Amino acid sequence: MKNIQELTQNELLEINGGDGFWYDVAYVIGAGAHAAANALVAAADTIASHPVGGPRGGYN
């Protein structure tokens, strides 16, 4: 095979993108959205488990 060369460090980073600032930002946003969704589901489950009127019952 002719004309085969190893990639430079910069070329490797361009291909992979590197794990840098924007990767970390996207990870934090995704983790935050996941936590918020879990909190909403837990709140909905808690509300649904109580009788009408809340945990004390009735409409007081």
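**Group meeting: a surface patch and a ring pair**

Okay, let's start on the surface: Leu7, Leu12 and Ile15 make a nonpolar patch there, together offering about 280 Å² of accessible area. By patch I mean residues with over 30% relative accessible area and no salt bridge, with nonpolar side chains (Val, Leu, Ile, Met, Phe, Trp, Tyr) joined within 5 Å and like charges within 9 Å. A salt bridge here is a Lys or Arg side-chain nitrogen within 4 Å of a carboxyl oxygen of Asp or Glu. Areas are Shrake-Rupley with a 1.4 Å probe, and for residues only the protein chains shown count as cover.

Quick caveat: this is a predicted model, where local features need pLDDT of at least 70 and side-chain atom pairs 80 or more, while totals for chains, interfaces and linings use all residues. Numbering runs from 1 along each chain as its sequence is written, and side-chain values use heavy atoms, without hydrogens or water.

Back to Leu12, which sits in helix H1, residues 9-16. It's partly exposed, at 37% relative accessible area (buried is under 20%, exposed over 50%, partly exposed in between; 1.4 Å probe, protein chains only).

Overall, the protein has two helices and zero strands (DSSP runs numbered from the N terminus: H or I of at least four residues, E of at least two). Of its 60 residues, 2% are buried.

Last bit: there's one aromatic pair. That's Phe21 with Trp22, edge-to-face, 4.9 Å centre to centre and 75° between planes. Pairing takes Phe, Tyr or Trp rings (six-membered for Trp) with centres within 6.5 Å; under 30 degrees is stacked, over 60 edge-to-face, the rest tilted. Both Phe21 and Trp22 are exposed.
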